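The following paragraphs lead the reader through one protein structure, beginning with a single helix and moving outward to its surroundings. Please keep the sequence and the coordinates at hand while reading.

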Amino acid sequence: EIERRRKLKQQTTQSTKQSTSTTSSYKNQEAAILIPLCTVQGTPSILFTRRSATLSNHASQISFPGGYFDEQLDGIRDDDDRLVNTALRETQEELCYNTDLLPTSSLI
């Protein structure tokens, strides 16, 4: 049991180091997520996604759809719409959901 925990700790430490070095180039970029609210059998719910097990970072983790702002895809305006566009674009990519169907009053 002690050996198993030691190995697990080493894996976690290595994963954290890899994640930190990979994401350090993004630390000055803005990102956005969408928290999808839905109903499941009449019960208000939050929709989560599970990241692919084949990804090199954060594999199999539970997450919300979202990602980093991309000036070419999300616009270059200096207002908050660019981050809304980021969240909607990422949601459309990750969930294959037509975000044009979302009522604009539901965006906060």
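**Helix H3 and its surroundings**

Helix H3 comprises 15 residues and spans 21 Å from its first C-alpha to its last, close to the 21 Å expected at 1.5 Å a residue. The model to which this helix belongs is predicted. Cysteine 96 follows H3 and has a positive phi, near 55°.

Which residues of H3 are buried? They are Arg82, Leu83, Thr86, Ala87, Leu88, Arg89, Glu90 and Thr91. The cover over these buried residues includes strand S1 (31–33), S6 and helix H2 (71–74).

Part of this burial belongs to a nonpolar core. The largest such core consists of six residues, namely Ala32, Leu34, Phe69, Leu83, Ala87 and Leu88. Helix H3 (residues 81–95) contributes the most to this core, with three residues. Seen from the helix, alanine 87 is in contact with Ala32, Ile33 and Leu34, once its neighbours within four places in sequence are left aside.

Alanine 32 offers the view from the other side. This residue lies in strand S1, and it is classed as buried because its relative accessible area is 12%, below the 20% limit. Leaving aside neighbours within four places in sequence, alanine 32 is in contact with Leu83, Thr86 and Ala87, and also with Pro65, Gly66 and Gly67. The C-alpha atoms of alanine 32 and glycine 66 are separated by 5.5 Å, although the two residues are 34 apart along the chain.

The charged residues come next. Side chains of opposite charge can pair when their charged atoms come close. The structure holds four salt bridges. In one of them, the side chains of glutamate 30 and arginine 82 meet at 2.5 Å, N to O. Glutamate 30 lies in the loop between helix H1 (2–23) and S1, whereas arginine 82 is in helix H3, so this pair ties together parts that are 52 residues apart in sequence. Glutamate 30 is partly exposed, with a relative accessible area of 36%, while arginine 82 is buried at 14%. Arginine 82 also lies over the face of phenylalanine 69, at 5.8 Å from the ring centre.

Arginine 89 takes part in further pairs. With glutamate 90, its side chain forms a salt bridge of 3.0 Å, N to O, and both of these residues are buried. A salt bridge also joins arginine 89 to glutamate 93, with the closest N and O atoms 3.4 Å apart. Glutamate 93 and arginine 89 are four residues apart in helix H3, so about one helical turn separates them. Glutamate 93 is partly exposed, with a relative accessible area of 47%, whereas that of arginine 89 is 14%, which makes arginine 89 buried. Through shared partners, salt bridges join Asp74, Arg89, Glu90 and Glu93 into one network.

The end of the account concerns threonine 49 and the aromatic rings. Threonine 49 lies in strand S4 and counts as buried at 13% relative accessibility. Among the residues it touches, beyond those up to four places away in sequence, are Phe64, Pro65, Glu94 and Leu95.

The count of aromatic pairs comes to one. Phenylalanine 48 and phenylalanine 64 form this pair, at 5.2 Å centre to centre; with 25° between the planes, the pair is stacked. It links distant parts of the chain, 16 residues apart: phenylalanine 48 in the loop between strand S3 (43–46) and strand S4 (49–50), and phenylalanine 64 in the loop between strand S5 (62–63) and strand S6 (66–68). Phenylalanine 48 is partly exposed at 46% relative accessibility, and phenylalanine 64 is partly exposed at 26%.

Note on methods:
Residues numbered from 1 in each chain as written. Predicted model: local features only at pLDDT ≥ 70, side-chain atom pairs only at ≥ 80, totals over all residues. Heavy atoms only, no water. Phe/Tyr/Trp six-rings, centres within 6.5 Å; stacked < 30°, edge-to-face > 60°. Helix = DSSP H or I, 4+ residues; strand = E, 2+ residues; numbered from the N terminus. Buried < 20%, exposed > 50% of the residue type's maximum accessible area, 1.4 Å probe, protein only. Lys NZ or Arg CZ within 6 Å of the ring centre and 35° of its normal. Core = buried A, V, L, I, M, F, W, Y, C linked by side-chain atoms within 4.5 Å. Contact = heavy atoms within 4.5 Å. Expected span 1.5 Å × (residues − 1).
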